[in-house]
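Reader: Could you pick one spot on this one and give me a close look at it? Start with the residue itself, then work outward until I can see how the rest of the chain fits around it.

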Amino acid sequence: MEAAEDRFARRLAEEIGKLRVEMYNEMGKLRAEMHQFKGDIVKWMFVFWIGQVIALGSLMFAMIKIFRE
């Protein structure tokens with residue numbers, strides 16, 4: 001009975017070790033994808049805010065021009 005328990009414990013430790021290695025590798029891939037995604041979000045955020053500044057500036061320019069006349 002003890003021999004079976006020892007084999008089971010050894011096998012369980014091996015499988016847990018494999019699982020940990022696999023999880024570590026997948027987490028590394030996930031971190032790389034998140035880093036790239038974060039860069040894309042920052043890029044699009046700047047595009048959005050530049051568009052907003054241009055739209056607001058145009059609106060202000062039009063309002064000033066209309067109210068001066």
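**A close look at F48**

Author: F48 has its place in helix α1; helices (H or I, at least four residues) and strands (E, at least two) are DSSP runs, numbered from the N terminus. Before going further, keep in mind that this is a predicted model: local features need pLDDT of at least 70, side-chain atom pairs count only at pLDDT 80 or more, and totals for chains, interfaces and linings use all residues. Residues are numbered from 1 along each chain as its sequence is written, and side-chain values use heavy atoms, with hydrogens and water left out.

So how covered is the residue? F48 has a relative accessible area of 45%, so it counts as partly exposed (buried is under 20%, exposed is over 50%, and partly exposed is in between, with a 1.4 Å probe and protein chains only).

Now for the company that F48 keeps. The structure holds one aromatic pair. That pair is F48 with W49, arranged edge-to-face, with 5.1 Å from centre to centre and 75° between the planes. For the cut-offs, rings of Phe, Tyr and Trp (its six-membered ring) pair if their centres lie within 6.5 Å, and planes under 30 degrees apart count as stacked, over 60 as edge-to-face and the rest as tilted. The partner, W49, comes out at 51% relative accessibility, so W49 counts as exposed.

Step back a little and both rings turn up in a surface patch. V42, M45, F46, F48, W49, I50 and I54 make up this nonpolar patch, and together they have about 740 Å² of accessible area. Patches are built from residues with over 30% relative accessible area and no salt bridge, joining like charges within 9 Å and nonpolar side chains (Val, Leu, Ile, Met, Phe, Trp, Tyr) within 5 Å. The areas come from the Shrake-Rupley method with a 1.4 Å probe, and for residues only the protein chains shown count as cover.

Now to the charged side chains. The whole structure has three salt bridges, each one a side-chain nitrogen of Lys or Arg within 4 Å of a carboxyl oxygen of Asp or Glu. R11 meets E15 at 3.6 Å, N to O; these two are four residues apart in helix α1 (residues 2–68), about one turn of the helix. E15 also bridges to K18, with the closest N and O atoms 3.6 Å apart, and that pair sits three residues apart in helix α1, again about one turn. E15 is partly exposed because its relative accessibility is 33%, while K18, at 52%, counts as exposed.

The remaining bridge joins E26 and K29 at 3.4 Å, N to O. E26 and K29 are three residues apart in helix α1, so about one helical turn separates them. E26 is partly exposed at 43% relative accessibility, and K29 is partly exposed too, at 49%. Going back to the other two bridges, shared partners tie R11, E15 and K18 into one network.

And the overall frame? The secondary structure comes to one helix and zero strands. The radius of gyration is 30 Å, well over the 11 Å that the globule rule gives for 69 residues, so the protein is more spread out than a compact globule; the radius is taken over C-alpha atoms, and the rule is 2.2 Å times the number of residues to the power 0.38. Along its principal axes the C-alpha trace spans about 100 × 15 × 5 Å. You can get a feel for that from R31 and F61: they are 30 residues apart along the chain, and their C-alpha atoms are separated by 45 Å. R31 is in helix α1 and, at 57% relative accessibility, counts as exposed.

As for burial, buried residues make up 0% of the 69 residues. The accessible surface comes to about 7,100 Å², with 69% of it belonging to carbon and sulfur atoms.
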